[in-house]
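Here is a quick tour of one chain, two of its helices and the place where it meets its partner. Have the model open while you read.

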Amino acid sequence: MKYIVAIIQPGKLDAVHDALLEIGVTGLTTSEVKGYGRQKGKSEMYRGAEYVVNFIPKVKIEIAVPSKIAAKVVAAIKSCAGTDKIGDGKIFTLELADAMRIRTGETGADAL
Amino acid sequence: MLKSYYKYALPAVAASLIASPAFAQEVPEHGVFILNSLLFLMAGFLVMFMACGFCMLEAGLVRSKNTTMQLTKNISLFSIAAVGYYVIGYNLMYPLGTWTIDGVFSGVIGVAVMEAVGVTAEAADDISYATTGSDYFFQLMFCAATASIVSGALAERIKLWPFLLFTLILTAVIYPLQASWKWGGGFLDAMGFLDFAGSTVVHSVGGWAALAGAIILGPRIGKYKDGKVVAMPGANLPIATLGVFILWLGWFGFNGGSQLAMGTVGDVADVSRIFANTNAAAAGGAIAALILTQLVYGKVDLTMVLNGALAGLVSITAEPLTPTLGVATLIGAVGGLIVVFTVPLLDKFKIDDVVGAIPVHLIAGIWGTLAVPLTNSDANFGTQIISILIVGAFTFVASGIVWYVIKAAVGIRVTEADEIDGLDKSELGMESYPEFSK
């Protein structure tokens, strides 16, 4: 099993969600987060003074998937969340040791 | 808004009008008295709502950690103004010819008194003018507006009680005393100074008091760092925008009511002109700021557009009657330009004005007062300038002394830790949005 964490532009969540449903991802968790990568925030003007927004709003998606579809999931996120501009985000893939469905106590891939 | 003139001049005018048949067709007996009072009551509740406008504007432009405090200050200062103006202010401002020092200091010291319940025409204080109750109510709202101006400039770092103590002194003494020089029939009025609804008497006075306070109080922590200005964006721009629309609405009462009469065709036509000109000037100020921020900064700055509309309103307040709609728009537009240029200018001097009260009310107030002779041949630049300087020097020095005394006695600034935590938590223990996670 793999645990995929993607940081994407907030406006891309719906497109990513639709693509993941098609692949057969059975569940995902999102959260509103703030952060920066190589672009190091951006500067704005307020009442004549420049200020830097260090932490830009993003959406974080977390998905646990069977190993065999992990590559397809990553590819789908890449194609749906990309704009070819800086600030599109990143995808991290982690090894997932185990999982449990709390209601039934099932474990492993059966719990996904 | 020169009440005393009407007090002296109107009995004769009214007597001559009553004798003419044309007058009888216009309004019934005591119609002028009733209509004038009605104007004061309607205009008065519009100006009252400006307190809400100031409150929303300030609540929107402070950071969320200081919102409860800003709301608390606004409702408190409005209430304290009602006490200060009642106890001393009203009679200090309107001596009705009884002076201790002629034209400078009222000879009437004491609480405001209204007419008796169910007063008859014969027993009314001034049947040629309006009820004392409506006049008091209307004038109190102006006094409270002056105090509202101060709170925005000093937001996010001043202690609650010292601020409210200053408000009491401002509304009971400083504002009414200088207002008596013009609207109470004092020496500035005798000189020929013209300030219809108070670009100088109300707005610049609030601005001067705020400037003295902002200098003595110092900027917010982190506002000026390594020679650079650090922006501290306001928490809630919808609320700030609502506040400006409310102020814009209230201003029709502020300027329109200052005609002080609505009992003749001429007066009601003038009130109508004033409403339309007031709106034109606000629009001019907003458009000027809209275009100028686009040109200067590359993007429109909503907070500057909001300030621009208010600066347009302040600019037209000294003479909302005589300009044409076109000239009123231009007078307001200059006010809008002034704001966009003076907000960064104050930052250069490290004077931290959170909501732009000083550019809007002081600088645009001075401009509006100087603009009177452009459309009103009864005014002249020399008298306008001298009056601006006299009112400015008095208010700045008097406010400065009061701020210094309060600072020395009890301190005016919260501790550094409290300021960083936010005044909502540290001073009040009550957050505006307790269910929002940080």
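Where in helix 12 of chain B does the kink lie? Look at Thr342(B): a kink of about 30° lies there, shortly before the proline Pro344(B). Keep in mind that this is a predicted model.

## Chain B as a whole

Let's step back for a moment. Chain B is built from 16 helices and four strands. Its C-alpha atoms fill a box of roughly 70 × 45 × 45 Å along the principal axes. For 438 residues, a compact globule would come out with a radius of gyration near 22 Å, and chain B has 22 Å, so the two agree.

Burial and contacts fill in the picture. Of the 438 residues in chain B, 55% count as buried. Take the contacts in chain B with a separation of 6 or more: 80% of them come from residues 24 or more positions apart.

## Helix 12

Back to the kinked helix, which runs over residues 325-348 of chain B. At 1.5 Å a residue, its 24 residues should span 34 Å, and the end C-alpha atoms of helix 12 are 35 Å apart, which agrees. So the expected length holds for helix 12, with the kink of about 30° at Thr342(B).

How many of the 24 residues of helix 12 of chain B are buried? The count is 17, so helix 12 is largely enclosed by the rest of the structure. Just after helix 12 of chain B, Lys350(B) takes a positive phi of about 60°.

## Helix 13

Next along comes helix 13 of chain B, residues 357-375. Its 19 residues should span 27 Å at 1.5 Å a residue; the end C-alpha atoms of helix 13 sit 26 Å apart, which agrees. Helix 13 of chain B has a kink too, of about 30° and centred on Gly365(B).

As for its surroundings, 15 of the 19 residues of helix 13 of chain B are buried, so the rest of the structure largely encloses this helix.

## Where chain B meets chain A

The contact between the chains takes 12 residues from chain B and seven residues from chain A. On the chain B side, the elements giving two or more residues are helix 11 (302-317) and helix 12 (325-348). The largest share, three residues, comes from helix 12 of chain B.

What classes of residue make up the side of chain B that touches chain A? There are eight nonpolar, one polar and three charged residues.

Notes:
Residues numbered from 1 in each chain as written. Chains lettered and ligands numbered in written order. Predicted model: local features only at pLDDT ≥ 70, side-chain atom pairs only at ≥ 80, totals over all residues. Contact = placed C-beta atoms within 7 Å. Nonpolar A, V, L, I, M, F, W, Y, C, P; charged D, E, K, R; others polar. Rg over C-alpha atoms; globule rule 2.2 N^0.38 Å. Buried ≥ 20, exposed ≤ 12 C-beta atoms within 10 Å, placed from the backbone. Expected span 1.5 Å × (residues − 1). Bend = angle between axes of the 7 residues up to and from the residue.
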